[in-house]
Amino acid sequence: MTDAPPISSLPAPVRASIEATNAGDLATFTPDGAVDDWGRTFTGREPIAAWSDAEYIGKNMTLEVLSAEFPDVRTVVVKASVGGDGFNGPSTFTYRIDGDEGAAVTLMQIRE
């Protein structure tokens, strides 16, 4: 088994999202950013915040990075162990980020 990559090796927006989750906060998405939680899509900051309050940060979610892949410069696939008061176990988080200075997450897709 290989060691998990250090979180510092992830692109800044992905690292910020994971660190915010673990601190009990929701990272900033672009204004038109989206969360795709197993096919349920929440677009925009207010819908994402409402989803998070009910199912993500509101469930005290934590993420332990197990592996990361970089299919292209704007996509990062993170396999993580999820903890908290809701779902617990492995999940795959696919992050799309914008490529500009001060990049942010445009999409966080959650799957098994």
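In which helix does Ser 52 lie? Ser 52 lies in helix α2, residues 45–55. Helices here are DSSP runs of H or I with at least four residues, strands are E runs of at least two, and both are numbered from the N terminus.

This is a predicted model, so local features need pLDDT of at least 70, side-chain atom pairs count only at pLDDT 80 or more, and totals for chains, interfaces and linings use all residues. Residues are numbered from 1 along each chain as its sequence is written, and side-chain values use heavy atoms, with hydrogens and water left out.

**Ser 52 and Asp 25**

Ser 52 counts as buried because its relative accessibility is 1%. Buried means under 20% relative accessible area, exposed over 50%, and partly exposed in between, with a 1.4 Å probe and protein chains only. Leaving aside residues up to four places away in sequence, Ser 52 touches Leu 26, Ile 57 and Gly 58. Contact means heavy atoms within 4.5 Å.

Asp 25 sits in the loop between α1 and β1. At 47% relative accessibility, Asp 25 counts as partly exposed. Its contacts, again without residues up to four places away in sequence, are Ala 20 and Ile 57. Asp 25 and Ser 52 are 27 residues apart along the chain, and their C-alpha atoms are separated by 9.2 Å.

**The nonpolar core**

A nonpolar core is a set of buried Ala, Val, Leu, Ile, Met, Phe, Trp, Tyr and Cys residues joined through side-chain atoms within 4.5 Å. The largest one has 23 residues. Leu 63, Val 78, Phe 93, Tyr 95 and Met 108 touch the most other members. The elements giving two or more residues to this core are α1 (12–22), β1 (29–37), α2, β3 (62–72), β4 (75–83), β5 (89–97) and β6 (105–111). β4 gives the most, with 4 residues.

Take Phe 93. Beyond residues up to four places away in sequence, its contacts include Tyr 56, Leu 63, Val 78, Met 108 and Ile 110.

**Helix α1**

The buried residues of α1 are Pro 13, Val 14, Ser 17, Ile 18, Ala 20 and Thr 21. They lie on the same side of α1, because they cover an arc of only 160° around the axis. That arc is taken from the directions from the helix axis to the C-beta atoms. The buried residues of α1 pack against β3, β4, β5 and β6.

**Positive phi**

Three residues illustrate this backbone feature.

| Residue | Place | Phi |
|---|---|---|
| Gly 24 | just after α1 | about 80° |
| Trp 38 | loop between β1 and β2 (40–43) | about 55° |
| Asn 60 | loop between α2 and β3 | about 55° |

Trp 38 is not a glycine. Neither is Asn 60. Asn 60 counts as partly exposed, at 49% relative accessibility.

**The largest pocket**

On a 1 Å grid over the protein atoms alone, a pocket is an open set of points where a 1.4 Å probe fits, with protein on both sides within 12 Å along at least five of seven lines; lining residues have an atom within 4 Å of a point. The largest pocket holds about 180 Å³ of space. Points are joined across faces, edges and corners, and the volume is the space filled by probe spheres set on them.

This pocket is lined by 16 residues. Nearest its centre lie Asp 37, Glu 55, Met 61, Phe 87 and Ile 110. α2, β4 and β5 each supply at least two lining residues.
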